[in-house]
Every structure is written in structure tokens, then in C-alpha cells.
Amino acid sequence: MRRLLVFVLVIVIAAGGAAFWWLHQPLPMGNEPLELAIEPGTTPRGVARDVVAAGVRTDAQLLYAWFRFSGQDRMIKAGNYEIPPGTTPRGLLAKLVRGEEALRALTLVEGWNFRQVRQALAADDQIKPDSRGLTDEALMAQLGRPGVAPEGRFFPDTYTYAKGSSDLAVLRRALHAMDRKLEAAWSQRSPDTPLKSADEALILASIVEKETGRASDRAQIAGVFVNRLRTGMLLQTDPTVIYGLGEKFDGNLRRRDLLADTPWNTYTRGGLPPTPIAMPGKASLLAAVQPERTKALYFVAKGDGTSHFSASLDEHNRAVNRYQRGQQ
């Protein structure tokens with residue numbers, strides 16, 4: 001009897017040692033991370049089978065037994081995961097219990113228009129294209145903003161998301177981020193601003209974003225536009241014309257384009273355009289509400305990323321001749 005007990009004890013110790021060794025050994029798999037999708041409602045046994053089906057070369061029953069023995073089998077979370085080479089059974093369960101989903105990143109670039117945002121979403125094959133087929137109007141309704149134009153309403157930043165997430169979820173985060181940034185900027189507006197609302201600040205900021213070649217010029221460019229708004233001058237900014245042309249713009253802005261009336265053509269219409277023309281970043285939002293105090297009413301690109309600012313039309317014409325036409 002004593003020998004039997006010793007034998008059983010040896011077997012138990014050996015089994016425990018083997019289990020401990022197995023739990024801390026990398027799971028057999030290839031040299032590339034494996035993708036594991038766990039659907040909501042999947043049982044722990046089903047999760048073990050999914051792991052094996054994903055490419056992990058182990059016994060599903062053994063993996064399921066580990067899930068059960070750990071007492072955490074009911075804590076496994078649905079989601080999309082990556083299993084990198086070197087993952088142990090212990091590490092795998094910890095990842096699944098914590099819900100450490102595989103994250104991807106999407107960058108929305110300052111100065112992009114909404115058409116470019118939708119193109120970036122469509123090109124991302126890791127995100128669920130729930131917005132595909134929706135008009136801009138229907139998309140904004142899905143986001144809870146019916147009747148609001150989408151242009152400029154999304155904050156340019158890098159957004160991480162779990163693989164398989166809805167593109168609408170990413171857009172909703174960017175929308176709320178812009179809400180917060182715009183509200184913060186508007187609360188810091190100069191007391192004598194001619195802008196009547198945060199929406200007007202967003203529109204002006206989008207123009208500043210498109211007109212700025214160098215960050216150091218941003219506040220002065222905003223100052224020029226604010227001066228023009230105060231005096232009733234036309235803004236006469238090329239990016240608004242280009243935006244109004246839409247996909248008809250071929251990269252070459254002609255005189256006839258400046259005369260082609262659209263709601264966004266600030267050569268033919270006074271004041272701000274009806275919507276933003278791009279996504280402004282934080283710096284442009286602040287410049288729009290805290291412009292530099294300047295006498296300048298004109299500016300022209302110097303060709304090195306900076307601009308030359310002028311207070312009179314004569315000075316501006318001389319600057320145009322020098323920097324745009326090569327005349328001294």
C-alpha cells in the first residue's frame with residue numbers, strides 16, 4: 001500500500017512538473033504572428049478550438065483544460081487578437097482575459113478634406129467599412145449629427161483601433177475630439193474677434209490650415225483674414241476656390257477658376273464660406289481665435305515656405321512681382 005502511495009505521489013509530481021513546464025513553454029507555431037478572432041458568445045472550449053484553428057499546433061483539449069483549471073475560463077473576452085511567436089499558454093490566457101486586442105492605427109492628416117478622410121478609411125483593410133455606401137449626409141446622421149456638413153468636423157490625429165472595429169467608431173472619436181478642441185479654442189478667443197460663433201472659428205481655422213506654409217506664419221495669416229473680415233474686404237483665398245471646384249480641380253488654378261462662382265469662392269462672395277474646407281489642427285484653431293495683431297491685409301508665398309505680408313496693395317503688388325514673377 002505504501003509503495004502504491006509513493007508511486008501515485010511520484011506520478012502526481014511528474015504530472016505537475018510537466019504541466020508547469022508546458023504552461024511556460026512557447027506554443028508551437030510559425031515565425032509570424034497568428035490572427036485569432038473570438039466571436040461574442042464563444043465558449044471556452046470553442047476558444048481553445050479557435051486557437052488551434054488559427055495555427056497554434058497544440059491539443060485543443062489540453063488548452064481547454066488549462067482554461068478550466070485556471071478558473072478564468074469564463075473571463076475570456078471576445079475580440080480580435082494577435083498571437084506572436086513565443087507566446088506561452090499562460091501568456092495567451094492572460095492576453096485573452098485582459099482583452100488585449102490587436103491594435104491598428106489610422107492617421108487623419110491636418111489639412112485633409114473629408115473626401116480624403118473617406119478614401120483613407122476605404123483603403124484600410126483592417127477596419128470594418130460600415131460607412132461604405134453611405135452618403136455624407138447619411139454618415140453624419142449615423143454619427144448623431146443630422147444636417148451638419150462633415151467637412152472639418154473631425155480632428156486630425158492618429159487613432160488606434162482594434163482590428164475589425166467599425167470605421168464609424170473611429171470617425172465618432174475624431175468627431176468628439178474636434179468638439180473638445182474647438183470648444184477649448186473658442187473659450188480662449190480674443191474679446192474683439194469678429195467671429196460670431198465657434199463654427200465660424202472652425203471655418204477660418206480650416207482656411208489658415210490650408211494657407212500656412214510655415215508654422216511661424218500661422219497667426220499672422222489669421223490676422224490678415226481677420227482684418228479683411230473687419231473691413232468687409234473679400235478674403236480672396238485660393239484654397240477656398242480649389243475646394244469649391246472639387247474633383248474638377250486639375251492642380252492648375254486658372255483665372256477663370258477664380259471667377260467661377262461657387263458657395264466657397266471667396267473671390268466672388270464676401271465673408272466666410274459656408275463650411276470649413278479641411279480639417280484644421282490645434283495650432284490653426286488657436287490662430288483663428290487669437291490672431292496676430294497686424295496691419296497687413298495681403299500676403300504672398302515667397303517660395304521658401306514663408307509668406308511676405310503687406311499693409312497696402314502697392315506693396316503687395318511689388319511682392320507678387322518679386323516672389324511670383326521673378327521681377328526685382
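These exercises walk through a predicted model.

**Exercise 1. Decide whether Thr 88 is buried or exposed, and place it in the chain.**

Step 1. Find the segment. Thr 88 sits in the loop between strand 2 (79-83) and helix 4.

Step 2. Apply the cut-off. Buried means under 20% relative accessible area. Thr 88 has 18% relative accessibility, so Thr 88 counts as buried.

Step 3. List the contacts. Setting aside neighbours within four places in sequence, Thr 88 is in contact with Leu 23, His 24, Gln 25, Pro 26 and Leu 27.

Step 4. Check a distance. Ala 102 is 14 residues from Thr 88 along the chain, and their C-alpha atoms are separated by 17 Å.

**Exercise 2. Work out which residues of helix 2 are buried and what covers them.**

Step 1. Take the helix, residues 44-54. Its buried residues are Pro 44, Gly 46, Val 47, Ala 48 and Val 51.

Step 2. Look at the cover. It includes strand 1 (34-38), helix 3 (60-70), strand 2 and helix 4.

Step 3. Turn to helix 4, residues 89-98. Here Pro 89, Leu 92, Leu 93, Lys 95, Leu 96 and Val 97 are buried.

Step 4. Inspect what comes after each helix. Gly 55 follows helix 2 with a positive phi near 125 degrees. Gly 99, just after helix 4, has a positive phi of about 70 degrees.

**Exercise 3. Find a residue other than glycine with a positive phi, and describe its setting.**

Step 1. Read the angle. Gln 236 has a phi near 50 degrees.

Step 2. Place the residue. Gln 236 lies in the loop between helix 9 (218-231) and helix 10 (238-245).

Step 3. Judge the exposure. Gln 236 is partly exposed, because its relative accessibility is 37%.

**Exercise 4. Describe how strand 5 and strand 6 pair.**

Step 1. Get the direction. Strand 5 (residues 298-301) and strand 6 (residues 307-310) are antiparallel, with four bridges.

Step 2. Match a pair. Tyr 298 is opposite Ser 310 in strand 6.

Step 3. Examine the turn. The hairpin has five residues between the strands, and Gly 303 takes a positive phi near 95 degrees.

**Exercise 5. Identify the residues with the most contacts inside the largest nonpolar core, and the helix that gives the largest share.**

Step 1. Start with the core. It has 47 residues, and Leu 143, Phe 154 and Phe 225 have the most contacts inside it.

Step 2. Find the main supplier. Helix 7 gives the largest share of this core, 10 residues.

Step 3. Follow one residue. Beyond neighbours within four places in sequence, Leu 143 is in contact with Phe 154, Leu 168, Leu 171, Arg 172 and Leu 175.

Step 4. Look elsewhere. Another core, of 22 residues, lies apart; among them are Ile 38, Val 51, Ile 76 and Leu 92.

Key
Residues numbered from 1 in each chain as written. Predicted model: local features only at pLDDT ≥ 70, side-chain atom pairs only at ≥ 80, totals over all residues. Heavy atoms only, no water. Buried < 20%, exposed > 50% of the residue type's maximum accessible area, 1.4 Å probe, protein only. Helix = DSSP H or I, 4+ residues; strand = E, 2+ residues; numbered from the N terminus. Contact = heavy atoms within 4.5 Å. Pairing = 2+ DSSP bridges. Core = buried A, V, L, I, M, F, W, Y, C linked by side-chain atoms within 4.5 Å.
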